Amino acid sequence: MMEQRTEKKYIIRGGACVLLLFILWMIVSDTYKKLPWRHEDVIRIGVFSDSYWEVQNGYSYQILDDAIAQFEEEHPDVRIEYVSGIIKSDYSEWLSEEIMKGTAPDVFFVPGEHFNDFAEAGALKDLTRLIENDEEFLPEKYYASAYEYGAYEGIQYALPYECAPKLMFVNKSILTAEGIGLPAKGWTWEDFYLICQKVTRDTDGNGTVDQFGTVGYTWEDAFDSNGVCLFNEKGTECYLTDKKAGTAISFMDRMEGLNNGYSVTSKEFALGNVAFQPMLFSEYRAYKSYPLSIKKYAGFEWDCLTMPAGPDGENISRLDTLTIAMSASTVHTRQAWEFMKFLTGDERIQSEIFDYSEGVSVLKEVVESEKTRKFFRESTDTGDALSLQVLSEAVERAVVIPGFHDYDEAVAEVDRAVRTILESSSNISMETIIQNRKVNTYLKSKQ
């Protein structure tokens, strides 16, 4: 009898050991994830296949795939999936259709130009409570301007994923040939104008101007760098007659006068015939790296600077930001929020933006890290390390585009007004008053 009990005890212990080993094997091999009765939340992500910055990129899913792999490892009860092959030009239409059908992804990327539209339509979940109730979430980790990009009418609807500030690109070869030094930090409109004035000339003596000061510098660039507040918060009133705006318009009139009516194109800059051109930093990244550096902007040395400051402004410009938002109809709020935080706030994932994209991380600590410094030192065709302090300041201090309904349409009206003012032969001040009234009449009609 005693022997039978002892034998039974060993059998039970042996069975328990086998069961324990089996459980350990299932955990280590991830086999438990395939069990039919195991509960697993599936989070769908809305994403496009090509680069947000519209340059060649063979790694469009790399960062997302890496983030998903790490997140799923840390959250074994969550599986994340996405539909591949949707190109950026079709993405917003696809996303709109999914929202209308009630099959919107739980989390989706939101291109900057469509953020206001989706927020206005009620497609994005208000993140206020999630932010306020999450002690681990730190908004200050993000660049302030990039973070504000995810707000609409004072409510946070999205988190920033990657960004690119607008900077001034300079053909250093032209400046060297003309005996002009590279503009110093804190350069002004007057510095900008005088350089453009000096380099705009006929270089081959055939009687035709073939070298120019700038191309692509717009009234918006001038407004941004002169501290112009163009609209009120709700977008119901335009301040085109404001003194700062008037100063900017007068400066644009002076700048356009340098070309004597000739319309300079971006192709002229690529050919090496223009000293300055504003561009997003993403274009600098795309074409400063070998081998793309030999395909465009070849034959001259070039680099980037901050934008010149107006008399009432600073050396700042606007920021384009790709954000990620949560569907207002998701039933996986907690899991979706955790993934959004991970994708945008984890330094391991954000550092990959410099490896697989042309944008800039939205985390200051990543941008100013030694790893990023080393990356730029080794990846550019000149071997020079971009001043990350300049880049970091450009992002941190960037102008935040107002978030109100029909913002793009309001700006289009102002653009028509400014063009009319600059092309008018009458007094600029009087024409500005007339055009400001027209813009405000338009804004009132939209209310």
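## Salt bridges across the chain

A salt bridge is counted here when a side-chain nitrogen of Lys or Arg lies within 4 Å of a carboxyl oxygen of Asp or Glu. The structure above is a predicted model, and by this rule 22 salt bridges are found in it. Side chains of opposite charge can pair when their charged atoms come close. One of these pairs is formed by Lys172 and Asp303, whose closest N and O atoms are 3.9 Å apart; because this value is within 4 Å, the pair meets the rule. The bridge links distant parts of the chain, since Lys172 belongs to helix H7 (residues 172-177) and Asp303 to strand E9 (residues 302-305), with their positions 131 residues apart in the sequence. The two partners can also be described by their accessibility: Lys172 is partly exposed, at a relative accessible area of 21%, whereas Asp303 is buried, at 17%.

A further pair is made by Arg397 and Glu314, with the closest N and O atoms 2.5 Å apart. Here too distant parts of the chain are linked, for Arg397 sits in the loop between helix H18 (388-396) and H19, while Glu314 sits in the loop between E9 and strand E10 (319-326), and the two are 83 residues apart. Arg397 is partly exposed, with a relative accessible area of 35%, and Glu314 is partly exposed as well, with a value of 42%.

## A bridge after helix H20, and a network

The side chains of Lys446 and Asp406 also meet in a salt bridge, with a distance of 3.9 Å from N to O. Lys446 is placed in the segment after helix H20 (428-445) and Asp406 in the loop between H18 and H19, so that this pair, 40 residues apart, again links distant parts of the chain. Lys446 counts as partly exposed, at 43% relative accessibility, but Asp406 has a relative accessible area of 19% and is therefore buried, the cut-off being under 20%.

Some bridges have partners in common, and in this way Arg44, Glu98 and Lys101 are joined into one network by salt bridges that share partners.

## A patch of negative charge

On the surface, five residues gather in a patch of negative charge, namely Asp117, Glu120, Glu153, Asp408 and Glu409. The elements that contribute two or more residues to the negative patch are helix H4 (115-120) and helix H19 (407-423). Glu120, one of the members of the patch, lies in helix H4 and counts as partly exposed, with a relative accessibility of 38%.

Glu153, which also belongs to the patch, is found in the loop between strand E4 (151-152) and strand E5 (155-156). Its relative accessibility of 43% makes Glu153 partly exposed. The backbone of Glu153 deserves a second look, because its phi angle is near 50°, a positive value in a residue other than glycine.

## Another positive phi angle

Asn260 likewise has a positive phi, of about 50°, although Asn260 is not a glycine. This residue lies in the loop between helix H10 (243-257) and helix H11 (266-270). With a relative accessible area of 68%, Asn260 is exposed, because the class of exposed residues begins over 50%.

## Two residues in helices, and their partners in space

Asp90 is found in helix H3 (residues 88-101), and at 41% relative accessibility it counts as partly exposed. Asp90 and Phe48 are separated by 42 residues in the sequence, and in space their C-alpha atoms are 8.4 Å apart.

Phe376 has its place in helix H17 (residues 370-379). With a relative accessibility of 2%, Phe376 counts as buried. From Phe376 to Leu388 there are 12 residues along the sequence, and the distance from C-alpha to C-alpha is 8.9 Å.

## Cysteines

How many disulfides are counted in the model? The count comes to zero disulfides, where the rule asks for a pair of cysteine sulfur atoms within 2.5 Å. Two cysteines can still be described by their accessibility: Cys163 is buried, with 0% relative accessibility, and Cys304 is buried too, with a relative accessible area of 11%.

How values were computed: Residues numbered from 1 in each chain as written. Predicted model: local features only at pLDDT ≥ 70, side-chain atom pairs only at ≥ 80, totals over all residues. Heavy atoms only, no water. Buried < 20%, exposed > 50% of the residue type's maximum accessible area, 1.4 Å probe, protein only. Patch = residues over 30% accessible without salt bridge, like charges linked within 9 Å, V, L, I, M, F, W, Y side chains within 5 Å. Areas by Shrake-Rupley, 256 points an atom, 1.4 Å probe, with all protein chains shown as cover. Lys, Arg positive; Asp, Glu negative; His and termini not counted. Charge placed at Lys NZ, Arg CZ, Asp CG, Glu CD. Helix = DSSP H or I, 4+ residues; strand = E, 2+ residues; numbered from the N terminus.
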